[in-house]
Amino acid sequence: MTAGDAGEERISERDGWRQRVALLEEELRQTSEAVQRLRQRELWFELQLARQREVHGEPLDSLLAEVTDLQKLLMTSRKGAMAKMQTISRGQSPVSERTNPLGSSAASGRLLRCD
């Protein structure tokens with residue numbers, strides 16, 4: 001191998017490295033652009049989501065509150081019905097003397113005689 005051959009080999013090697021570096025720089029540039037586009041899309045979607053929450057959030061909150069109130073009412077009425085059922089199963093009248101102005105005889109089904 002001569003000195004000229006060694007010099008040409010170094011030049012060829014440097015050109016090979018330069019080409020690799022140029023390819024890597026191009027790949028990095030393309031990847032950076034893709035990441036930038038994805039970030040912009042992410043921000044756009046976040047804005048759209050915030051707008052939808054603004055527009056639809058209040059009606060959904062009011063519907064949720066109404067459903068919660070209805071559930072509470074249903075539970076209260078179920079508890080009342082269960083208490084009445086237990087009272088009836090014990091042989092007692094579901095109407096108490098306190099709530100019945102006619103007294104316990106009317107609640108038990110007996111009539112008062114007025115002679």
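User: How far apart are Asp-15 and Arg-18 along helix 1?
Analyst: Asp-15 and Arg-18 are three residues apart in helix 1, which covers residues 3–89, and that spacing is about one helical turn. Bear in mind that this is a predicted model.

User: What do the two side chains form with each other, and at what distance?
Analyst: They form a salt bridge, and the closest N and O atoms are 3.7 Å apart. The pair counts because the cut-off for a salt bridge is 4 Å.

User: Is Arg-18 buried or exposed?
Analyst: Arg-18 is exposed, at 56% relative accessible area. Its partner Asp-15 has 35% relative accessibility and counts as partly exposed.

User: How many salt bridges are there in the whole structure?
Analyst: A search of the whole structure gives three. One of them is the Asp-15 to Arg-18 pair.

User: Which residue does Glu-26 form a salt bridge with?
Analyst: Glu-26 pairs with Arg-29, with 2.2 Å between the closest N and O atoms. Both residues lie in helix 1, three residues apart, about one turn of the helix.

User: And Glu-33, what does that one pair with?
Analyst: Glu-33 forms a salt bridge with Arg-29, and here the closest N and O atoms are 2.7 Å apart. Arg-29 and Glu-33 are four residues apart in helix 1, again about one helical turn.

User: So which residues end up in one network?
Analyst: Glu-26, Arg-29 and Glu-33 do, joined by salt bridges that share partners. Arg-29 bonds to Glu-26 and also to Glu-33.

User: How exposed are those three?
Analyst: Glu-26 is partly exposed, with a relative accessible area of 33%. Arg-29 is also partly exposed, at 39% relative accessibility. Glu-33 is partly exposed too, with 36%. None of these values reaches the exposed class, because that class needs over 50%.

User: Different topic. How many helices and strands does the protein have?
Analyst: There are two helices and zero strands. The salt-bridge pairs discussed above sit in helix 1: Asp-15 with Arg-18, Glu-26 with Arg-29, and Arg-29 with Glu-33.

User: What percentage of the residues count as buried?
Analyst: The figure is 5% of the 115 residues in the protein. A residue is placed in that class because its relative accessible area is under 20%.

User: What does the accessible surface come to, and what part belongs to carbon and sulfur atoms?
Analyst: The accessible surface of the protein is about 10900 Å², and carbon and sulfur atoms account for 58% of that area.

Key
Residues numbered from 1 in each chain as written. Predicted model: local features only at pLDDT ≥ 70, side-chain atom pairs only at ≥ 80, totals over all residues. Heavy atoms only, no water. Buried < 20%, exposed > 50% of the residue type's maximum accessible area, 1.4 Å probe, protein only. Areas by Shrake-Rupley, 256 points an atom, 1.4 Å probe, with all protein chains shown as cover.
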